[in-house]
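User: I am new to reading protein models and would like to go through this one step by step. Could you show it to me before we begin?

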Amino acid sequence: MKATGENQMICHKPYQKIEALEFGHNKKRIKRRKDKIGLQDAKEERMSALNVRLFLKEFCVEFLSGAYNPVMRFGRSCIINGIHGDVSETVSYLWALRFFMEFNRHYKFQVKYVSETISTGVFHLVQRQMDQYYEMILTDKKRIPAWSRRLHVALKAYQELLNTLMAMDKSADHSVRESSKIIKSNIFYVPEYRETMLCQFLYYDENKMSRRYLVDLVTTVHIFLKMLEYFCEKGQRHLIVQKVKPKRQKVKRRKKPSHKDITPTATLEERWDTVGPEISAVIQGGNIPEVMPFDATLETPIDDQKADAMKRIQKLMRQENLEQAVGLLRAAREIWPENDCFGRVNIPPEEEFLALREIFFADLGGE
């Protein structure tokens, strides 16, 4: 017997078949921890005799037509209301849901026989049980195999719900197709339902879940994605997964005063009607202060500050500082007597009043 090289292979005993040759029979096997040993798949169920299968078939047909909906309605109410807290009853409900819906789908599919378990509420119930079983796998570590098998039963029930929806889409009855469309719209739009399969993928642990569970999980995800693709191709292209954006703190803005609260600005004529009599009284007998018409600290020549003095007089009058305005006018007349810009020397009160009026209405680029 030749080895892999040119030398001959030494054997301690003769072999009739080359397949009987083993190189690792003397090697020590590495022991694995019990919690690291993956779950073994359940044994395949054997096929019953023909007469037994025919009897069970008739039983399933009679059960679907006469008792399935009432029994499943009562079982669901017990699970939701928590009347019976036994976990095995919930698992039996999920198993019956999967088995009889699959039987109905393969044998003369009629939605009316399984109408009690085709709704968004049933999807929510199955999803809730899947989440609960996974949480028990993490917490109840001594019974991981039992909780893993229950999770597998719930997954197969969810898979059968999706298969039934696909069968409803192919129905000739328009109302059945519309019912399927409504259920799918809820499943595909609500994030809680849409992300169920993704979460199950993330939760998968080869040490706690069987390989058969992984096969069924991949199959269920494939069915879900095919349904989503078909749903989007049928004109439902507005399916958008919204991104969560950080909320910005709203800055409180001051309310703008309404037009009713805003008083219309008085015109210059109206303002002069109010200011004019007061200016006349100040000119005739008011207490006129002494005001410096220019700023000696500025580098600007005094002659060039004449326009600034004119603007100051106008601003003081419009702000109703009338004594200051008259005093500034008389001081400016003494500094800049040329051209009678601020009135001529020894001007009478009437002409001084008219000079102030012209300055009040002049467009000097100020207020």
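**Helix H4 and selected salt bridges**

Analyst: This is a predicted model, and a starting point is helix H4, whose buried residues are covered by elements that include helix H2 (68–81), helix H3 (87–106), helix H5 (144–169), helix H6 (174–189), helix H7 (191–194) and helix H8 (196–203).

User: How far apart are the end C-alpha atoms of helix H4, and what span should its 20 residues have?

Analyst: Helix H4 runs over residues 120–139, and at 1.5 Å a residue its 20 residues should span 28 Å. The model agrees with this expectation, because the end C-alpha atoms are 29 Å apart.

User: Which residue forms a salt bridge with Glu 116, and where in the chain does that partner lie?

Analyst: The closest N and O atoms of the pair are 3.2 Å apart. The bridge links distant parts of the chain, 43 residues apart, with Glu 116 in the loop between H3 and H4 and its partner in helix H2. Glu 116 is buried at a relative accessible area of 15%, whereas the partner, at 43%, counts as partly exposed. That partner in helix H2 is Arg 73.

User: Is Arg 98, which meets Glu 102 in a salt bridge, buried or exposed?

Analyst: Arg 98 and Glu 102 both lie in helix H3, four residues apart, which is about one turn of the helix, and their N to O distance is 3.0 Å. Glu 102 has 27% relative accessibility and counts as partly exposed. Arg 98 has a relative accessibility of 17%, and since buried means under 20%, Arg 98 counts as buried.

Conventions:
Residues numbered from 1 in each chain as written. Predicted model: local features only at pLDDT ≥ 70, side-chain atom pairs only at ≥ 80, totals over all residues. Heavy atoms only, no water. Helix = DSSP H or I, 4+ residues; strand = E, 2+ residues; numbered from the N terminus. Expected span 1.5 Å × (residues − 1). Contact = heavy atoms within 4.5 Å. Salt bridge = Lys/Arg side-chain N within 4 Å of Asp/Glu carboxyl O. Buried < 20%, exposed > 50% of the residue type's maximum accessible area, 1.4 Å probe, protein only.
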